[in-house]
Amino acid sequence: MIKDYNEIVTDIIKYSVLGYNRFLTIADSGNVSCRYGDGLIITAGGVSLGEVTKDTVINVDMNGNVLSKQTNIKPSKETKMHISIYKQCSKVKCIYHVHPVHATVYAIQNKEIPLLTSTSKRKICSTAIVPYAEPGSELLANYVCETLKQTGNSIKILILENHGIICMAETLTECFQLAELLESTAKIALMMK
Ligand SMILES: [Zn+2]
């Protein structure tokens, strides 16, 4: 089912706020987007995911040009990263980037998160680590794209070294559930140590 602008914005608000309230990210970190038309709708930079509203999401094209009329907000600094994923992987319709504490412990150690539970084995299957580059940089967008290519575009979760995670799926519901499951899996793995 193809969703219209308002339905997509409603989804972005719902899962941004939910992710913030579930401690999947803090302060003004994290960004969420969905494909829309020939471009995407993405959360604004400098706005907490806990406070996303219809006035703080922005429509941009696949070159990063702003199509929305608001002039007081800017798209997330990770817009390049989102665009590079959409260009690389046609089946990805939504992207959820957050900094959950336990998963980020593994990201800092540059280690895969052990998938110890049957649910994580079944639903996550595997993850891949993206080498460190400064958040918001062209280089990070390139590394993300390269890593996706190396996995044959098959992967749904990327671990960003020293940074956080990216979940990619057809719906934001799936993205959010992957993020929540991965964070829970990382917490379990750390408690087992
Ligand atoms: Zn980030």
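**Entry 1: a histidine and its metal**

I started with His99, which is partly exposed at a relative accessible area of 26%. A reminder to myself before going on: this is a predicted model. Which atoms of the protein hold the zinc ion? I found His97 (NE2), His99 (NE2) and His163 (NE2) as its protein donors, 2.0 to 2.1 Å from the zinc ion. Along the chain I read their spacing as H-x1-H-x63-H. I then looked up where two of these donors sit: His99 is in the loop between strand E4 (94-98) and helix H3 (101-109), and His163 is in the loop between strand E6 (157-160) and strand E7 (164-169). The pair therefore ties together parts that are 64 residues apart in sequence. Is His163 buried or exposed? I noted a relative accessibility of 8%, so His163 counts as buried.

**Entry 2: helix H3 and the loop after it**

From His99 I walked on into H3. Which residues of H3 are buried? I listed Ala103, Thr104, Tyr106 and Ala107. These residues cover an arc of only 155° around the axis, so they sit on the same side of H3. I looked at the other side of H3 too, and there Val101 and Ile108 are exposed.

Next came Asn110, in the loop between H3 and helix H4 (118-123). Asn110 caught my eye for its backbone: its phi is positive, about 60°, although Asn110 is not a glycine. Its relative accessibility is 39%, so I put Asn110 down as partly exposed.

**Entry 3: another positive phi**

I went past H4 and stopped at Cys125, in the loop between H4 and strand E5 (128-130). Cys125 has a positive phi of about 65°, and it is not a glycine either. Is Cys125 buried or exposed? At 55% relative accessibility, I count Cys125 as exposed.

**Entry 4: helix H5**

How many residues does H5 have? I counted along residues 138-150 and got 13. From its first C-alpha to its last, H5 reaches 18 Å, close to the 18 Å expected at 1.5 Å a residue. I wrote down the buried residues of H5 as Leu140, Ala141, Val144, Cys145, Thr147 and Leu148. Seen down the axis, they fall within an arc of 160°, so they line one face of the helix. On the other side of H5 I found Glu138 and Gln150, both exposed.

**Entry 5: a nonpolar patch**

I turned to the surface and looked for nonpolar side chains there. Leu116, Ile188 and Met192 form a nonpolar patch, with about 290 Å² of accessible area together. Where does Met192 lie? I placed Met192 in helix H6, which covers residues 172-192. Met192 has a relative accessibility of 63%, so I marked it as exposed.

**Entry 6: salt bridges**

Why look for charged pairs at all? Side chains of opposite charge can pair when their charged atoms come close. How many salt bridges are there? My tally came to five, and I wrote up three of the pairs in more detail.

The side chains of Glu180 and Arg22 meet at 2.4 Å, N to O. Glu180 lies in H6 and Arg22 lies in the loop between helix H1 (5-21) and strand E1 (31-36), so this pair ties together parts that are 158 residues apart in sequence. Glu180 is partly exposed at 29% relative accessibility, and Arg22 is partly exposed at 42%.

Then I checked Asp11 and Lys3, whose side chains meet in a salt bridge of 2.6 Å, N to O. Is Asp11 buried or exposed? With a relative accessible area of 16%, Asp11 is buried, whereas Lys3 is partly exposed at 33%.

The last pair I looked up was Asp55 with Lys54, where the closest N and O atoms of the salt bridge are 3.9 Å apart. That distance still counts because a salt bridge needs the nitrogen within 4 Å of a carboxyl oxygen. Asp55 is partly exposed at 46% relative accessibility, and Lys54 is exposed at 59%.

Technical notes: Residues are numbered from 1 along each chain as its sequence is written. This is a predicted model: local features need pLDDT of at least 70, side-chain atom pairs count only at pLDDT 80 or more; totals for chains, interfaces and linings use all residues. Side-chain values use heavy atoms; hydrogens and water are left out. Donors are N, O and S atoms within 2.8 Å of the metal (3.2 Å for Na, K and Ca); water is not among the atoms, so sites may look incomplete. Helices (H or I, at least four residues) and strands (E, at least two) are DSSP runs, numbered from the N terminus. Buried means under 20% relative accessible area, exposed over 50%, partly exposed in between (1.4 Å probe, protein chains only). Patches are made of residues with over 30% relative accessible area and no salt bridge: like charges are joined within 9 Å, nonpolar side chains (Val, Leu, Ile, Met, Phe, Trp, Tyr) within 5 Å. Accessible areas come from the Shrake-Rupley method with a 1.4 Å probe; for residues, only the protein chains shown count as cover. The expected span of a helix is 1.5 Å times one less than its number of residues. The arc is that of the directions from the helix axis to the C-beta atoms.
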